[in-house]
Amino acid sequence: MTAIPERSELLMPIYEFASEEIRPLIKTTFSQMQLQERRDLQRLLRANISVVAPDTLVIAEEFGDWDESRRRIDLLGVDRDANLVVIELKRTEDGGHMELQAIRYAAMVSTMTFDQATDVFGRYLAQIGNADTDARAELLDFLGWDEPDEDAFAQDVRIVLASAEFARELTTSALWLIERGIDIRCVRLQPYDNDGRVFVEVQQIIPLPEMAEYQVRVTEKKRKERQARSETRDWTSYDVTLGGRQLSGQRKRHAIYQTFRYLVEQGIAPEKVAEHCGRPIDRALMSVDGEVTAENFHRLAKEAREEEGRRFDPTRYFCGEKELLHFDNRTYAFVNQWGGSSWLQAMNNLRDTFPDQGVDFTPSE
């Protein structure tokens, strides 16, 4: 592991070139300058995030969309490569245990989808007074996408730790994580007092300069892997025939949803249809008792999964008001995560298992 320079090696004086002399600025602390962690640091950095995380769009502040509401990410962002960025801030002199918090948060948000990010971003825009901004369009524009690409979104989660100083234990942990492929960065914010005015020296101290080339190689390798996945991704749309009706230009997830819906509407039990989709039934379907609205479905589904010690994620299902299916006094939602060979096999199975229902599909021209 790369050695970590002593603090005295890292900190260099900052000088003011006055008319008659060169004099050093006085080092201080955020607490001495009466700057608060959330009210001041977080507020200022959210609007100027490039100071600690270049090429990043902040999509949430104090983010905590999980059951343990006490745990909240200071700032959550997305970078130009569609990776999520967890940003943790501390005004303390050692950084505390922020790396452990950040790792926990990174794991919690790692499954976030584009649709979830859009919803989170919309709430954040409303919170800061930009409710009229279209969150989806803003996020697509930042990423340079014409439409959402769930396969490319949140392939990785980066971590940025910004603090007045970092303890040796924290920097050692950060270096160990970097050597194992985790993109974690430590940015030191050293304040100086200049006659009551606060100047801050911003310096990335982890990765260390001698590790920069290694970090670039890791990042480039991941970029090439993402590019390779993108180049081999199948964007084919399909024309689907359901009985005497044809639906043109359907994306894969919508093609299989419409097929599933059609078969259920023909009187075939949802569980029986799901048996032929190539997934365990409890992963292909979510259902609750009674014919309920979308709002009640979300609540009941969440309660049911919590009893099983699991989490219900509505963004992974077709569970809008007009998407839910009702059968035999139950309400069903069909999974929307489809692609690749699993989709093709499922569609072939549905067509071949129910030959009398007139199901067919061909690539759109």
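**Exercise 1. Burial of helix α8**

Identify the buried residues of α8 in this predicted model, and decide from them how far the helix is enclosed.

*Solution.* Begin with the list: the buried residues of α8 are K252, A255, I256, Y257, T259, F260, R261, Y262, L263 and V264, where buried stands for a relative accessible area under 20%. These make 10 of the 14 residues of α8, so the helix is largely enclosed by the rest of the structure. Next, test the length of the helix: at 1.5 Å a residue, α8 should span 20 Å, and the distance of 20 Å between its end C-alpha atoms agrees with this. Finally, look just past the helix, where G267 adopts a positive phi of about 100°.

**Exercise 2. The sheet beneath α8**

Work out the strand order of the open three-stranded sheet, name its edge strands, and describe how α8 is placed on the sheet.

*Solution.* The order is β11-β10-β16, and the pairing is antiparallel. Strands β11 (245-250) and β16 (359-363) each pair on one side only, and they are therefore the edge strands. From one strand to the next, the twist averages 15°. The pairing of β10 (residues 238-242) with β16 rests on five bridges, and in one of the pairs D239 has T362 of β16 as its bridge partner. Helix α8 (residues 252-265) packs on this sheet and touches β10, β11 and β16, while its direction makes about 0° with that of β10.

**Exercise 3. The crossing of α4 and α5**

Classify the packing of helix α4 (residues 114-127) against helix α5 (residues 135-143) by the angle and approach of their axes.

*Solution.* Two packed helices are described by the angle between their axes and the distance between the axes. Here the axes come within 8 Å and cross at roughly 115°. Angles of 65 to 115 degrees count as roughly perpendicular, and α4 and α5 are therefore roughly perpendicular to each other. As for handedness, α4 passes α5 in a right-handed crossing. On the α4 side the residues in contact are F114, A117, T118, F121, G122 and L125, which meet A135, R136, E138, L139, L140 and L143 in α5.

**Exercise 4. Two positive phi angles in contrasting settings**

Determine where E62 and D328 are found, and whether each is buried or exposed.

*Solution.* Most residues other than glycine have a negative phi, and most peptide bonds are trans. E62 is not a glycine, yet its phi is positive at about 55°. E62 belongs to strand β4, and it is buried, with a relative accessible area of 18%. Strand β4 (residues 56-63) is mostly covered, eight of its eight residues being buried; six bridges join it, in antiparallel fashion, to β5 (residues 73-79), with E61 standing opposite L75. D328, also not a glycine, has a positive phi of about 50°. D328 lies in the loop between β14 (325-327) and β15 (330-335), and it is exposed, with a relative accessible area of 68%.

**Exercise 5. The peptide bond before P207**

Establish the configuration of the bond joining I206 and P207, and then describe the surroundings of P207.

*Solution.* Omega is about 5°, and the bond between I206 and P207 is cis. P207 is found in the loop between β9 (197-206) and α7 (212-232), where it is buried, with a relative accessible area of 9%. L175, 32 residues away from P207 in sequence, is 7.1 Å from it in space, C-alpha to C-alpha.

Technical notes:
Residues numbered from 1 in each chain as written. Predicted model: local features only at pLDDT ≥ 70, side-chain atom pairs only at ≥ 80, totals over all residues. Heavy atoms only, no water. Pairing = 2+ DSSP bridges. Helix = DSSP H or I, 4+ residues; strand = E, 2+ residues; numbered from the N terminus. Axes fitted to C-alpha atoms, helices over the stretch in contact; angles between N-to-C directions. Contact = heavy atoms within 4.5 Å. Expected span 1.5 Å × (residues − 1). Buried < 20%, exposed > 50% of the residue type's maximum accessible area, 1.4 Å probe, protein only. Parallel < 35°, antiparallel > 145°, perpendicular 65-115°, else oblique. Left-handed = near helix turned anticlockwise from the far one by under 90°.
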